Structures are given as C-alpha cells and as structure tokens.
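Load the model in the viewer and display it as a cartoon with side chains available. The stops below go from one selection to the next.

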Amino acid sequence: MTVRLPKDEDKHISGTDDIARIMLKILWRQNKLHRKKEYFWTVGLNNANDIDYIELVTIGISNRNIAEPVDILSLPVSKKCKKIILCHNHPSGRLYPSEQDILFTERITKAAAILGIEVLDHLIISENNYVTI
C-alpha cells in the first residue's frame, strides 16, 4: 500500500535524518494500539534523491514481521526505481538491530543488487528515535 508523504515534508532527502523524521511522522499517524505492531516500509528515491514513493510492505506482530524479497522489490522494479531505503519499527522501543535484522538487510541488499537497485540504508525506528543498520 502506498503511503502519503506528510504534508509539511519536502520530497527531497538530504540524509538519514530527513528520512527518519518522515518515517517517524508516518508511524505516529497510527493510533497507539496499532503502533504495537511491527511495520515494514520501502522508500523509493529518484536520481535527485527525491521521494518517488513510500510503500507499506507488511504489518507484522509485536516482535516479528515476515517480508520476502519479492514483496520488497516488486514496486521498485515496476517503477524502475534505482535507489531504495528500508525502514521498520521496533514496537518494544529497543533500537538495537537483531541478528535477524542484519541478515535480512544483507539478503535484501544482495537481491536488490542483482536487479540494479541500490539499498541506501535500513532504518529501525521507535516512537521517538532511530538507528541504521
């Protein structure tokens, strides 16, 4: 499902802080009960680092989300998007990437590279902060 960019945000991304701020606002759109689930998004960028799209790929449970490369890469392929950013939340508030998070990022990065898509970053967000993998 494509997600709307917050109205007060510019489409241009200058760095990780910009995308984190936008994704935190998108997470905050969910009511408090729904923020207890793990969401996984992809953000597609054009060559000028403007956001082409933000896609909610999957909604998981409180501590797990299952997303496959085909789920994550189908929209960037169809839009011929060459750069993406991955983002998911940790409802627990802990911002440390798990071993599964790290392995997953490596797997998606390799799959994307085969398709000529660069994974620029993978953010983990909580309700107030973020880290990158």
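Which residue of strand 4 does K83 stand opposite? Select K83 and E118: these two face each other, with E118 in strand 4. The model is predicted, local features need pLDDT of at least 70, side-chain atom pairs count only at pLDDT 80 or more, and totals for chains, interfaces and linings use all residues. Residues are numbered from 1 along each chain as its sequence is written, and side-chain values use heavy atoms, without hydrogens and water.

Next, select strand 3 (83-89); helices (H or I, at least four residues) and strands (E, at least two) are DSSP runs, numbered from the N terminus. Seven of its seven residues are buried, so strand 3 is largely enclosed by the rest of the structure. Buried means under 20% relative accessible area with a 1.4 Å probe, protein chains only. K83, I85, C87 and N89 point one way, and I84, L86 and H88 the other. In a regular strand, side chains alternate between the two faces of the sheet.

Add the partners of strand 3. Strand 4 runs parallel to it, joined by seven bridges, while strand 1 pairs with strand 3 in the antiparallel sense over six; pairing requires at least two DSSP bridges. On the strand 1 side, pick F40, whose bridge partner in strand 3 is H88.

Move to helix 1 (residues 16-29). Its buried residues include I19, I22 and L27, and strand 3 and strand 5 are among the elements covering them.

Finish at S126, in the loop between strand 4 and strand 5. Beyond its neighbours within four places in sequence, S126 is in contact (heavy atoms within 4.5 Å) with L24, L27, H90, G93 and L95.

Key: Expected span 1.5 Å × (residues − 1). Buried < 20%, exposed > 50% of the residue type's maximum accessible area, 1.4 Å probe, protein only.
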